[in-house]
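Biologist: Could you take me through one part of this model in detail? I would like to hear about the place where the two domains touch, and how that fits into the rest of the chain.

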Amino acid sequence: MNTLRIENLSKIYPNGVKALNGVSLNISNGMFGLLGANGAGKSSLMRTIASLQEPSSGAINFNDVDIINSPQEVRKNLGYLPQEFGVYPKISAEKLLNHLAVLKGIIDKKERKNQVTALLQQTNLYQHRKKSVYTFSGGMRQRFGIAQALLGNPQLIIVDEPTAGLDPEERNRFLNLLSEIGENVIVILSTHIVEDIRDLCKNMAILAEGEIVAQGNPSELVKGLKGKIWSKMIKKDDVDAYHKAFKVISTKLVSGETQIRVISDSIPEKGFNSIDPNLEDLYFATVQTNSPLKTV
Ligand SMILES: Nc1ncnc2c1ncn2[C@@H]1O[C@H](COP(=O)(O)OP(=O)(O)OP(=O)(O)O)[C@@H](O)[C@H]1O
């Protein structure tokens with residue numbers, strides 16, 4: 001079992017932006033979802049765990065080794081799919097993966113060939129191996145990104161917003177691939193898409209303005225909201241008034257009408273219906289009230 005312990009991590013960039021503020025997390029094998037809006041600090045956290053940048057303060061231990069003082073410990077165990085993978089050279093996927101395997105230190109030629117072939121098959125790219133990656137679709141590129149991240153059998157895999165821009169079929173295929181991998185290693189999936197986390201992650205955290213505002217098992221966290229989420233269909237013109245009167249967590253157009261969802265310990269007023277909370281409610285409720293909700 002691999003363990004990643006993050007304690008009281010903060011990151012202040014030279015321009016004074018405090019991107020992370022006292023982040024503490026315990027992560028073990030399986031898929032861990034990190035949910036947060038744009039600018040919440042997800043990439044800052046991912047880059048710091050990947051030892052691409054140092055934190056301003058705090059500690060990170062991977063399998064009980066301090067990886068801020070010994071970054072090579074995490075680097076040799078790391079598979080990283082950054083948000084921007086950069087420009088692909090005009091060589092075939094197979095050649096590029098082989099080249100990346102050399103860079104990752106897989107020097108034995110036979111072993112390298114075996115790994116490259118197995119990973120192209122696992123990511124369903126084997127039939128496209130002779131094509132250049134820059135001709136690939138978004139989904140194929142992300143699958144190639146995972147193939148390169150898996151070179152060298154890493155124990156810690158970090159994927160930063162991997163599903164943005166993928167069509168639903170590719171997104172499904174990609175997420176299934178991740179969950180297969182996540183059984184025996186740590187996979188940290190950073191995303192602003194609630195659905196990416198709902199079905200796949202046994203543990204998650206919500207990051208807002210550099211702080212962890214909720215963490216735990218997604219369904220346990222959602223259970224904590226039971227009986228507290230109320231909905232009502234209202235006129236579009238009344239939205240502002242409801243925002244002033246109640247803790248509105250979301251407003252949605254449903255068949256041309258406006259549905260508001262409100263968080264409240266008891267019925268807010270006549271006409272509201274109690275509804276089963278979902279992960280999206282948890283996300284909006286937590287980010288807006290910013291009150292830490294924790295389960296053990
Ligand atoms: N190298 C940097 N120098 C200065 N500020 C930075 C740097 N990188 C990120 N920031 C700032 O830190 C904050 C957190 O950014 P970060 O990219 O970590 O968030 P994010 O949750 O990954 O968002 P996104 O999904 O938009 O990438 C933002 O205010 C951002 O502008």
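Modeller: Happy to; here is the contact between the domains, followed by a few loops and the chain as a whole. Please keep in mind that this is a predicted model.

Let's start with the division itself. The domain assignment splits the protein chain into domain 1, residues 3–216, and domain 2, residues 223–294. Their centres, taken over C-alpha atoms, are 34 Å apart. To the contact, domain 1 brings 11 residues and domain 2 brings 10 residues. On the domain 1 side, the elements that supply two or more residues are α7 (194–198), β9 and β10. Of these, β10 gives the most, with 4 residues. Sorted by class, that side of domain 1 has 8 nonpolar, 2 polar and 1 charged residues.

Now look at the loop between β9 (203–208) and β10 (211–216), where you will find Glu209. Glu209 has a positive phi of about 45°, although it is not a glycine. Is Glu209 buried or exposed? It counts as partly exposed, because 16 other C-beta atoms lie within 10 Å, and a buried residue would need 20 or more.

Another loop, the one between β12 (248–254) and β13 (257–263), holds Ser255. Ser255 also is not a glycine and has a positive phi, of about 40°. With 6 other C-beta atoms within 10 Å, Ser255 is exposed.

For a turn that does use glycine, go back to the start of the chain. Strands β1 (residues 3–12) and β2 (residues 18–28) run antiparallel and are joined by 7 bridges. The two form a hairpin with 5 residues between them, and in that turn Gly16 has a positive phi of about 95°. Ile12 has Lys18 in β2 as its bridge partner.

Finally, step back to the whole protein chain. It contains 10 helices and 15 strands. Along the principal axes, its C-alpha atoms fill a box of roughly 70 × 45 × 35 Å. The radius of gyration is 21 Å, which agrees with the value near 19 Å for a compact globule of 296 residues. Buried residues account for 38% of the 296 residues. Among contacts between residues at least 6 apart in sequence, 69% join residues at least 24 apart.

Key: Residues numbered from 1 in each chain as written. Predicted model: local features only at pLDDT ≥ 70, side-chain atom pairs only at ≥ 80, totals over all residues. Pairing = 2+ DSSP bridges. Buried ≥ 20, exposed ≤ 12 C-beta atoms within 10 Å, placed from the backbone. Rg over C-alpha atoms; globule rule 2.2 N^0.38 Å. Contact = placed C-beta atoms within 7 Å. Domains from an automatic or database assignment. Nonpolar A, V, L, I, M, F, W, Y, C, P; charged D, E, K, R; others polar.
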